[in-house]
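Visitor: Hello! I would like to learn how the words used for a protein model follow from its values. Could we look at one together?

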Amino acid sequence: MPNNPHAEGPDTTFATVFRQALRQRGLPLERIRDHLRAQQITVSLATLSHWQRGRSQPERVQSLLAVDALEPLLNLPTGTLRSLLGPHRPRGGPPPHDPAAARKVLGENSDVEQALGDAFPHFNEGLRALTIHETVNLDEHRSIHETSIVTAVQAVRGGVQHLTVVHFLDSPKAGTVELTVSGGTPPRIRFMPELGCVAADIPLGRRLARTETAVVAYTLRSASDVSHQHERRVTTPLRTYLLHVRFHPRAVPASCWSYHREQIGAEPRHRHRSTLDAFHTAHLLPAHCSPGVYGIEWKWPE
């Protein structure tokens with residue numbers, strides 16, 4: 001009768017079950033690789049080694065096929081290894097906040113670095129941003145008066161409790177900046193008029209365990225001067241970034257463009273004309289959201 005790795009308790013991981021099954025069967029990794037290769041499944045020895053040590057886990061289609069093919073070889077019930085695969089792990093990807101990489105996008109001594117001060121090297125270091133959806137609303141006075149953000153994040157270590165956000169506004173007026181969290185208590189806002197920005201630590205609602213995800217939804221409101229663009233600085237790759245701009249029916253721009261540039265101050269490498277729809281909105285949804293600056297700009301009629 002095949003061994004049942006689940007008998008070891010709820011803390012059993014893919015790595016421990018895989019490693020113990022290899023030991024019990026007395027199979028070297030070379031034999032595993034050759035067995036998979038005979039089934040037209042290619043997995044390197046290094047990858048197999050990482051799996052048994054817990055340094056990575058199967059995630060790609062080819063790797064999941066390998067998992068299914070290994071279970072009968074290792075005398076494991078069908079689905080045993082698959083059931084132990086949790087959320088995709090952040091190993092192998094870029095760190096959630098690498099100050100050197102962030103400076104490639106933001107520049108040296110950027111306004112973000114000035115706003116955060118000594119906290120900049122640790123900016124959301126326990127979280128990885130997965131998706132960001134921004135909806136920007138302009139009023140009849142041609143200014144951005146409300147921005148709603150929904151972001152999904154994943155913890156890269158246990159115990160993370162909040163997400164720090166920094167937003168730069170078009171000539172914000174003191175006393176008019178408000179940040180509200182959907183279903184939560186408004187966090188304390190740090191308003192820095194000399195930089196034209198606000199910062200806040202938004203509670204996640206609980207302490208996240210490693211690899212757990214959370215969704216944060218909040219709205220930023222302010223009174224400002226006439227707006228001509230909105231952009232997002234992305235310092236690590238995102239799975240999805242969506243920017244949706246809504247213009248007031250009594251203040252519709254003459255023309256609109258979406259753009260991407262590699263860093264603050266650089267000329268756009270990709271700039272495309274955006275046609276407003278019947279609801280006076282434009283959006284930007286890049287196929288691949290690598291680090292850089294993404295935005296939409298518009299020109300008002302004379």
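Visitor: Are Phe14 and Trp51 buried or exposed?

Guide: Good place to start! This is a predicted model, and in it both Phe14 and Trp51 are buried. That word is used for residues with under 20% relative accessible area.

Visitor: What makes Phe14 and Trp51 an aromatic pair, and why is the pair called edge-to-face?

Guide: Their ring centres lie 6.3 Å apart, and rings pair if their centres lie within 6.5 Å. The planes are 80 degrees apart, and angles over 60 count as edge-to-face, so the name fits.

Visitor: Which parts does this pair tie together?

Guide: Phe14 belongs to helix α1 (residues 14-25) and Trp51 to helix α3, so the pair joins parts that are 37 residues apart in sequence. Ring pairs also link Phe14, Phe18 and Trp51 into a cluster. By this rule, the count is 6 aromatic pairs.

Visitor: Now the helices. Why is α2 called oblique to α3?

Guide: Helix α2 (residues 29-38) packs against helix α3 (residues 45-53) at about 120 degrees, with the axes 10 Å apart. Roughly perpendicular covers 65 to 115 degrees and roughly antiparallel begins over 145, so this angle counts as oblique. The crossing is right-handed.

Visitor: Which residues make the contact of α2 and α3?

Guide: From α2 come Leu29, Glu30, Ile32, Arg33 and Leu36, and from α3 come Leu45, Leu48, Ser49 and Gln52.

Visitor: How do the residues of that contact divide?

Guide: There are 5 nonpolar, 2 polar and 2 charged residues. Leu and Ile count as nonpolar, Glu and Arg as charged, and Ser and Gln fall among the polar ones.

Key
Residues are numbered from 1 along each chain as its sequence is written. This is a predicted model: local features need pLDDT of at least 70, side-chain atom pairs count only at pLDDT 80 or more; totals for chains, interfaces and linings use all residues. Side-chain values use heavy atoms; hydrogens and water are left out. Axes are lines fitted to C-alpha atoms, for helices over the stretch in contact, and angles run from 0 to 180 degrees between N-to-C directions. Helices (H or I, at least four residues) and strands (E, at least two) are DSSP runs, numbered from the N terminus. Angles under 35 degrees count as roughly parallel, over 145 as roughly antiparallel, 65 to 115 as roughly perpendicular and the rest as oblique. A crossing is left-handed if the near helix is turned anticlockwise from the far one by less than a right angle, and right-handed if clockwise. Contact means heavy atoms within 4.5 Å. Rings of Phe, Tyr and Trp (its six-membered ring) pair if their centres lie within 6.5 Å; planes under 30 degrees apart count as stacked, over 60 as edge-to-face and the rest as tilted. Buried means under 20% relative accessible area, exposed over 50%, partly exposed in between (1.4 Å probe, protein chains only).
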